[in-house]
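Let's take a walk through this fold, starting from the inside and working out to the surface.

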Amino acid sequence: MFWTVPTIMTWTRIVAIPLIVGVFYLPFPEGFRNIVATAMFVVFAATDWLDGWLARRLNQTSSFGAFLDPVADKFLVCASLLVLVHLGRADVFVALIIIGREIAISALREWMAQIGASKSVAVHMLGKVKTTVQMVAIPFLLFDGVIFGVVDTGLWGTVLIWIAAVLTVWSMVYYLQKALPEIRARVK
């Protein structure tokens, strides 16, 4: 099931990355670029929920889709964080925490799958909350303005991305603790 509707939607998140980054190199006013990048991120991030729902609804789940979906999410988040660091809207330390965790947990999951213990590092609610907070923080930081005359998205985005960083560390510790018994058993 390589070319199903849900899988194509997942691919769009990967294809979106150069488009979102490229917006900031266009010769348009900053506010316009911010709105376009924010709208693109929100639309493409929404495909994360929609492709999973469609895969289940249309009975088009596949091991390839299960592999590609989190990869696309990580690419989208990491690329957006790098843009935000470049624009001075996110701290490089936050980006290092989030990107480093994604690499570490992806490697851990790969290793655990190879030894037949992938259930010990299955997705947990803490990881889902972390992802949700990131997916709200990033568009706030991309927009970097005031909405409804009161909501300073730069401020709220900064607060949320730091909360996401804390949740990132917390979820990494959680997954490492869950994997520790298997790691100890294999490293003797």
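The largest nonpolar core here has 35 residues, and Ile20, Phe41, Leu76, Leu81, Ile138 and Ile161 have the most contacts inside it. Helices H1 (5-23), H2 (30-57), H3 (63-86), H4 (92-114), H5 (125-143) and H6 (153-186) each give two or more residues to this core. A nonpolar core, by the way, is a set of buried Ala, Val, Leu, Ile, Met, Phe, Trp, Tyr and Cys residues joined through side-chain atoms within 4.5 Å. Buried means under 20% relative accessible area, exposed means over 50%, and partly exposed is in between (1.4 Å probe, protein chains only). There's also a second, separate core of eight residues, with Ile105, Met112, Ala117 and Tyr175 among them.

This is a predicted model, where local features need pLDDT of at least 70 and side-chain atom pairs count only at pLDDT 80 or more, while totals for chains, interfaces and linings use all residues. Residues are numbered from 1 along each chain as its sequence is written, and side-chain values use heavy atoms, with hydrogens and water left out.

Which residues does Ile161 touch, not counting those up to four places away in sequence? They are Leu81, Val94, Ile98, Ala137, Ile138 and Leu141; contact means heavy atoms within 4.5 Å.

Ser80 sits in helix H3 and counts as buried because its relative accessibility is 3%. Leaving aside neighbours within four places in sequence, Ser80 is in contact with Phe41 and Ile138.

On the outside, Val92, Phe93, Leu96 and Trp162 make a nonpolar surface patch of about 420 Å². H4 supplies the largest share of the patch, three residues. Trp162 belongs to helix H6 and counts as partly exposed, because its relative accessibility is 35%. Patch residues have over 30% relative accessible area and no salt bridge, and nonpolar side chains (Val, Leu, Ile, Met, Phe, Trp, Tyr) are joined within 5 Å. A salt bridge is a Lys or Arg side-chain nitrogen within 4 Å of an Asp or Glu carboxyl oxygen.

Now for the whole chain. Six helices and two strands make up its secondary structure, in the order α-α-α-α-α-β-β-α. These are DSSP runs, numbered from the N terminus: helices (H or I) of at least four residues, strands (E) of at least two.

| Chain property | Value |
|---|---|
| C-alpha span along principal axes | about 55 × 35 × 25 Å |
| Buried share of the 188 residues | 43% |
| Exposed area (Shrake-Rupley, 1.4 Å probe) | about 10500 Å² |

Carbon and sulfur atoms supply 72% of that exposed area.

Definitions and conventions:
Patch = residues over 30% accessible without salt bridge, like charges linked within 9 Å, V, L, I, M, F, W, Y side chains within 5 Å.
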